[in-house]
Amino acid sequence: MVLLRVRQSSALPLRDGSGGGGGVGVHRLGGRCGDMAAVGKCTGTIGGERPVGSTPGGRCEVAGGGGGGGGPGGDGAGDNERLMQLLRKLWAQTDALFDTTIGAESMLERPIALRNPFLFYMGHLPAFDWNTLRPFIRHAPFNAAYDYLFSRGIDPDVEDPSICHAHPPPPPVWPPLPAVTAYRDDVRSRIVAAAAQLPRAALALAVEHDAMHVETLLYMAAQRRGGRVARDADGCCVPLTAYTLAAATEAATAAAVQRNRGVKDSNDSNGDNGKGEARVVVVPAGQALLGRSRPAELEPGRNFGADAGGDAPSTTSSAGAFGWDNEFPMKGVTVAAFALSALPVTVGAYAAFVAVGGYTTRRWWTEEDWRWVGVSGVRAPASWVPVDAAGAAVEGTAADGGGGGGGGGCAGAVGWAVRTMEAVLVPLVAAASWPVAVSLAEARAYAAWAGGRLPTEAEWHRAAFGVPSCPVGGRGTTDDTGGACAGDGGDIDGPPPPYPWGVDPPTPGVHGNFGFARRHPTDVGTHPAGTSALGVGDLIGDGWEWTASVFAPFEGFQAHPAYPTYSTDFFDGKHYVLKGASWATDTSLVRASFRNFYQARYPYVFAKFRVVYDCPTAAWGG
């Protein structure tokens, strides 16, 4: 038997030592960043982290007083208590991550280059909350040094790490863990004591920030080197064939055939091309509604943290559910007919792209993406780990181009595994039906190879929230297009549903793999209850979904009155919109209008994708 010998380096720093860029990378030196004073190159001993962690951007973290667009439904102290319950849950989650997943001995680790060590986040979460909420408590600072030190990290541009935003200079030595823990606990006690008097909007901002940071910590932790060798049910070593690209593609193809067996739908194509790809669904032309109506508290001239009649902090604002400024206002887009994968691209399908030399073939990549491939030496997704004949990680060698631990067994790599949060090296065959997690650059290259492209933000919305053309029976009846990619049907009958599956509140493990239902992806098609009316599945959960749309404001955009750089720093043409949610996304963040955004060549986020084909000449294979 001939074993496949492969090499990988996508999870490694760039050769200039910069590492992957942050999910939201470019920070303009002239951007307003609260009271930050240090401006200049990203230098020093700590690297950096984008200020809002897994938020959709690296925003200024010293909020000048006030919060987001309003908390979840309800008013007054009762609503604040619901927000505090969520905040306490998030505190417990991050504590467990620091105490168990990361561990005290690893708090100074930086698994992603140019990101702050884990210790920074232990201080950053309370510092952000305190800097945001303290103006409404009218409390003097009790540790101004930590309020500043942990207020904001750094997040350099992927292509030019010298471009950076204003941030506190890194300390020569980070504070001791007990001191940071005491600061965290002190902040929490003061917030709890003042919870009833806080404006709902400001408290909601703190809650959403902390929820997004949980995902940051998880995708950082997922990049730690090493991992446990997988075993079968009897505790024996997994056959080496389970780690090969060909076996993964074969497994994904077999799974796709099994999923599609017996599927009868006039609006899709079940043609399999032997590459493990999902069936294709035709989406008729129609209207997509992006964004949402702007709450009164975000209207220009409104005192964000005050009642309409005065300057006192408000606890009774009746604004709608929380939203970032880039979600407003609502925007209607007419979308032409198109076809797309009913399910995200899997590990096994992507393995076929790797096997045919996808990372060494120029024609599938844009000029900028190909330059990144050459500079970084990337040869596979960041979560894929080369393994030796014993199934152990081969890292920090010439095989993967980087410096790091792990490895063991034979010196050379013979196949691939996918590393999970539990640091288990899952053989490629076992993960073959998981959605593959990649950067936008990698997703674009695969889509080009497959004869398609990535969906726009409007197309994603159309697939997720549109309804078939139903001229007689209304929503829920059979489409009359017969699968044709044409016609003037497909208009939405009234407002779109709040979720792809309808109006039921999102339930982790039912409508998708989100809200930490699992600590790793699940096989595509596992959650049919989350399928949209047009037959598109797995839109919410397992990974954020890349779109081809540059992150930009909707017409009528107004910067957040208390947080004006939250989005505006990243309307730079280098960030792209992602939709949906990942397995590590808190359920409170699942909403149609949420717009995540990252740089195109940031490979570490939990992000999947699907392929779109233009009608009527769709090419179903590559």
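Select Asp79 to begin: in this predicted model, its relative accessibility is 1%, so the residue counts as buried. Now add Arg200 to the selection, which is likewise buried, with a relative accessible area of 1%. The two residues form a salt bridge, and a distance label drawn between their closest N and O atoms should read 3.3 Å. If you colour by secondary structure, you will find Asp79 in helix α1 (residues 76–102) and Arg200 in helix α5 (residues 200–221), so this pair ties together parts that are 121 residues apart in sequence.

While charged side chains are on display, it is worth extending the selection to the whole structure, which holds 21 salt bridges. One place to stop is the group of Asp95, Arg184, Asp185 and Arg188, which salt bridges link into a network. A further stop is helix α8 (residues 367–376), where Glu367 and Arg371 both lie, 4 residues apart, or about one turn of the helix. An α-helix has 3.6 residues a turn, so residues three or four places apart point the same way. The side chains of Glu367 and Arg371 meet in a salt bridge at 3.4 Å from N to O, and Arg371 is partly exposed, with a relative accessible area of 46%.

Next, select Arg453 and Glu459, whose side chains meet in a salt bridge with an N to O distance of 2.8 Å. What is the burial state of each partner, buried or partly exposed? Glu459 counts as buried at 9% relative accessibility, whereas Arg453 is partly exposed, with a relative accessible area of 26%. From Glu459, widen the selection to helix α10 (residues 457–465), which is mostly covered, 9 of its 9 residues being buried. Among the buried residues of α10 are Trp460, His461, Arg462 and Phe465.

Zooming out for a moment, you can take in the protein chain, which contains 11 helices and 14 strands. Of its 622 residues, 60% are buried, and its accessible surface comes to about 21,300 Å², of which 55% belongs to carbon and sulfur atoms. Among contacts with a separation of 6 or more, 81% are between residues 24 or more positions apart.

Turn now to the aromatic side chains, for which a search of the whole structure finds 35 pairs. Select Tyr359 and Trp365, where the ring centres are 5.4 Å apart and the planes stand at 50 degrees, so the pair is tilted. Both Tyr359 and Trp365 are buried. These two rings also belong to a cluster linked by ring pairs, and you can bring up the remainder by selecting Tyr350, Phe353, Trp370, Trp384, Trp416, Tyr446, Trp449 and Phe609.

Two further selections place a charge over a ring. With Arg190 and Phe142 displayed, Arg190 lies over the face of Phe142, at 4.0 Å from the ring centre. With Arg444 and Tyr576 displayed, the charged end of Arg444 sits over the ring of Tyr576, at 5.3 Å from its centre.

The remaining stops are in the strands. Show the open sheet of 4 strands with the order β12-β11-β10-β13, in which the pairing is mixed. Its edges are β12 (596–599) and β13 (607–608), each with a single partner strand, so one side of each is left without a neighbour in the sheet. Strand β10 (residues 543–550) runs parallel to β13 and is joined to it by 2 bridges; to locate this contact, select Trp544, whose bridge partner in β13 is Ala607.

Move next to strand β9 (residues 424–427), which pairs with strand β1 (residues 228–229) in the parallel sense over 2 bridges, with Arg228 standing opposite Val424. Strand β8 (residues 415–419) also pairs with β9, here in the antiparallel sense over 3 bridges, and Ala417 stands opposite Pro427. β8 and β9 form a hairpin with 4 residues between them, and in the turn you can select Ala423, which has a positive phi of about 65 degrees.

Finish at Val280, which is found in strand β3 (residues 280–283) and is buried, with a relative accessible area of 6%. Add Ser341 and label the C-alpha atoms: they are separated by 4.5 Å, although Val280 and Ser341 are 61 residues apart along the chain.

Terms used
Residues numbered from 1 in each chain as written. Predicted model: local features only at pLDDT ≥ 70, side-chain atom pairs only at ≥ 80, totals over all residues. Heavy atoms only, no water. Salt bridge = Lys/Arg side-chain N within 4 Å of Asp/Glu carboxyl O. Buried < 20%, exposed > 50% of the residue type's maximum accessible area, 1.4 Å probe, protein only. Contact = heavy atoms within 4.5 Å. Areas by Shrake-Rupley, 256 points an atom, 1.4 Å probe, with all protein chains shown as cover. Pairing = 2+ DSSP bridges. Phe/Tyr/Trp six-rings, centres within 6.5 Å; stacked < 30°, edge-to-face > 60°. Lys NZ or Arg CZ within 6 Å of the ring centre and 35° of its normal.
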